[in-house]
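Q: Could we go through this structure together, so that I learn how to read its features with care?

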Amino acid sequence: MKNVGQTSIDEYLKLPIVRDRSQLSFHNNYSFMKKVDELPTGPDWMCDLVTIAGDRLGEDGQMMTEKLELWQRDPIECIQELIGNPAFKDNLAYEPVKAYQDKEGTNRILDETWTGDWWWKTQGKLPKGAVIAPVILASDKTQLTKFRGDKSAWPVYLSIGNISKEKHRQVSAHATVLLGYLPVSKLECFSEDSRSLAGYRLFHHCMSELLKPLIEAGKKGVPMTCADGYIRRIFPILAAYIADYPQQCLIACCKENRCPRCQVDPNNRGNLLDSLWRDVDETVELLKQHKRQMRKKRVPTERYEELGLRAVYQPFWINLPHTDIFSCFTPDILHQLHKGVFKDHLVKWCTDIVGEDELDRRFKAMNGYPGLRHFKKGISGVSQWTGTEHKEMQKVFVGVMAGAVSDKVLTVVRALVDFIYYAQLQSHTTKTLQALQKSLETFHANKQILIDLEVRDHFNIPKLHNIQHYLDSIMALGSPDGYNTEFPERLHIDFAKNAYRASNKRDYTEQMTLWLQRQEAILLRCAYLEWLHPIAEEKSMGAGSAENVDEESDDEADEVVQSQAGKEPGSSIPAHTVPTPAPSTIYRIAKRPALPNTTVQQLETAHGAIDFLPALSSFLKKHSPHAPSPSRYDRFDVYKQITLSISFNRHLSLKHTILNRIRATPPRAAKGRTPAAPGSFDMALIIEDPANYTPPSGLSLLGLRVGQIRAIFDLPPQFGHYEHPLAYIEWFTLLGSKDSVTGMYQVNRSTRALRRNAEVISVTRIARSCHLMGKCARKIDHQWTTENVLDKAKAFWINSYIHVDTFVVTH
């Protein structure tokens, strides 16, 4: 059904081998589609005509009108489909809970919708035995044509908070359904002065029609068969609305220079204030008063103007039971934080202070890390920014600015970046929320320095004000990752753009709904067949079943090694076996080394392992005293990388393992059209003393020390049997206390007798990867490049922001 046109299907079905052997019940694309239309599908699509009367005269002397199509599905049927889906049986909750991280009940956990205060508060308003289905809506206008035309669609998506976030984030799980398409029109029947208000009113009218079934259902409840087979009385109540800032103002019926959540004065949004929330009852009453005053041609009330309301007299949420629309707005991390606070403001402020050239040089000299984007030409020349680029810049921004600006400015930088990272946590606690609020307070306490430097005149910035509401939103509805605006934008591909491409581009909305209904029928049929004939799933972490985790892995498939000391596939075991401690790390490594039979000279020159033989001799003396001494004539099987499975982190995903890739790749010479590539020797946090080390819970650096991995190799059989590969590392100094301004640890290279302090260790002592950034003064050394900064810099910062997991561990 994907990427196959009608002509291709007809040609395939006419093939003799298909016609004679398959014995299909259809012979061409038309009959095939008729069969698909007979399959069970989701809620039916309906089309309502919406007639709008403009205020402009047409050529006939009459007021111009326009007829628009509103395509919709019954939201109650959509909710029934979601809550009754057997695939979600283990991912559904039917009542609120309060979870705590400690026995005393002081550190509350807030992640899923059912852990927030909104569910508890709303549950108290309903009769005993009622089950809430927290309705989550999302809408966003999207462009359907790329290079020509102005075709647009305005999808409205629906999900329920009973389903866990893990399912929500999986597009393939279909835990979010398409509820309808709002009409998109230029409203040319209205004058330019009234066109904006007419757009407001059209949106609310269409949303009222779309959500009308929720009014009665939210008051009396609807019996529904749930995924576990029980029948419950479900009360679907609007809990959250995912939208960007302009659309939040549209929903709240307020002007775009006002906050859609609170009553803060538009000229006072730059201060950290505890403003009153907008009140639904007061807003409705003011709109009614304004309607009466407009009929009598009177001036609007002062309170109406103070709240910046728009004359939408019938908001779609006015009759929805138990709904406070102003508290439904969720944090928009993509537009408010990544693009807004960070890129549009913080980066611009720092560029004005440091200068484009200096900032570009610092980004160009940033050393590599697996998965980290290297801005080879700096950031000033990037014209097309996406959320991915913003996140990549955030990973190194504090380290980039350290030394380039004063401590006061760096405090402002760190406070905002800390806020962004705390906001991204997938599971919050009372302590992380306190840290989130403290970061915001630190910014406001130090922001005056930007005015003193004449970088800003004021901080009356809407997006900077909106982040003040994050704490209240998380307390009410759970962590923001469950309401990210990036997810609806991803859904546009399946529910709008692909559907439009399948149409003939004329009267396309009807064709889009038919195409989507057929896709849904096929998906339901496939899901039924999979349930009828279940296929045994492979364990993702079993031995020999490691999945590919990156695009630069060794030639052969990886082998997963767990805590199984003394076991290794092979025929014979040498007489003198090297004692092997139980590994503290689960790692993945290639089944066959990428660089077999590597000489000692190659290790010393290509890998930079200049003290390889002395380090290996020390290892053998400690672990295998009777083994022969290594010589320059020995050869070693060398790997290019190793991938570690990191310990469980409570603040991140509960089901997905965090994988750290650590490279020890020598330089590659140019060959033909393939350019030369520098070597990559990554940093890692290494267990310094295995005898005194206890594997942490994932939230500590205690007992760890930074080392640079120069080579990963197998011990040749003549030196004894060692179950795990070895690594040649170069140590850095011990971790001290964190710098008070940057919040990061500072380390230097460790030396011994004026040479780098090197050692050969088991890879089981590698705890996690880390990223070092060269510490520089006000002006960066022009000789520093991404290839040599680790050799030329005297001191280094341990980058706490390279990954959200690392941020949690180091804070």
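**Cores, a helix and a sheet**

A: Methionine 401, in this predicted model, touches Cys350, Val354, Leu359, Leu410 and Val413, leaving aside residues up to four places away in sequence.

Q: Which residues touch the most other members of the largest nonpolar core?

A: Met401, Val413 and Ile709 do, in a core that counts 85 residues. Helix α16 (residues 407-423) gives the most to this core, contributing 12 residues. A second core, separate from it, has 64 residues, among them Ile79, Leu82, Leu214 and Cys254.

Q: How should I read a helix such as α22, and which of its residues are buried?

A: As a general idea, an α-helix has 3.6 residues a turn, so residues three or four places apart point the same way. Helix α22 spans residues 508-532, 25 in number, and its first and last C-alpha lie 36 Å apart, close to the 36 Å expected at 1.5 Å a residue. Its buried residues are Tyr508, Met512, Thr513, Leu516, Arg518, Gln519, Glu520 and Ala521.

Q: What covers the buried residues of α22?

A: The cover includes the helices α3 (29-37), α4 (75-83) and α21 (486-501), together with the strands β2 (63-72), β7 (152-160) and β8 (177-182).

Q: What is the order of the strands in the open sheet of three strands?

A: The order is β3-β4-β11, and the pairing is antiparallel. Because β3 (99-100) and β11 (428-429) each have a single partner strand, they stand at the edges, and one side of each is left without a neighbour in the sheet. Two bridges join β3 to the antiparallel strand β4 (residues 108-110), where arginine 108 is the bridge partner of tyrosine 100.

Definitions and conventions:
Residues are numbered from 1 along each chain as its sequence is written. This is a predicted model: local features need pLDDT of at least 70, side-chain atom pairs count only at pLDDT 80 or more; totals for chains, interfaces and linings use all residues. Side-chain values use heavy atoms; hydrogens and water are left out. Two strands pair if DSSP finds at least two bridges between them. Helices (H or I, at least four residues) and strands (E, at least two) are DSSP runs, numbered from the N terminus. The expected span of a helix is 1.5 Å times one less than its number of residues. Buried means under 20% relative accessible area, exposed over 50%, partly exposed in between (1.4 Å probe, protein chains only). Contact means heavy atoms within 4.5 Å. A nonpolar core is a set of buried Ala, Val, Leu, Ile, Met, Phe, Trp, Tyr and Cys residues joined through side-chain atoms within 4.5 Å.
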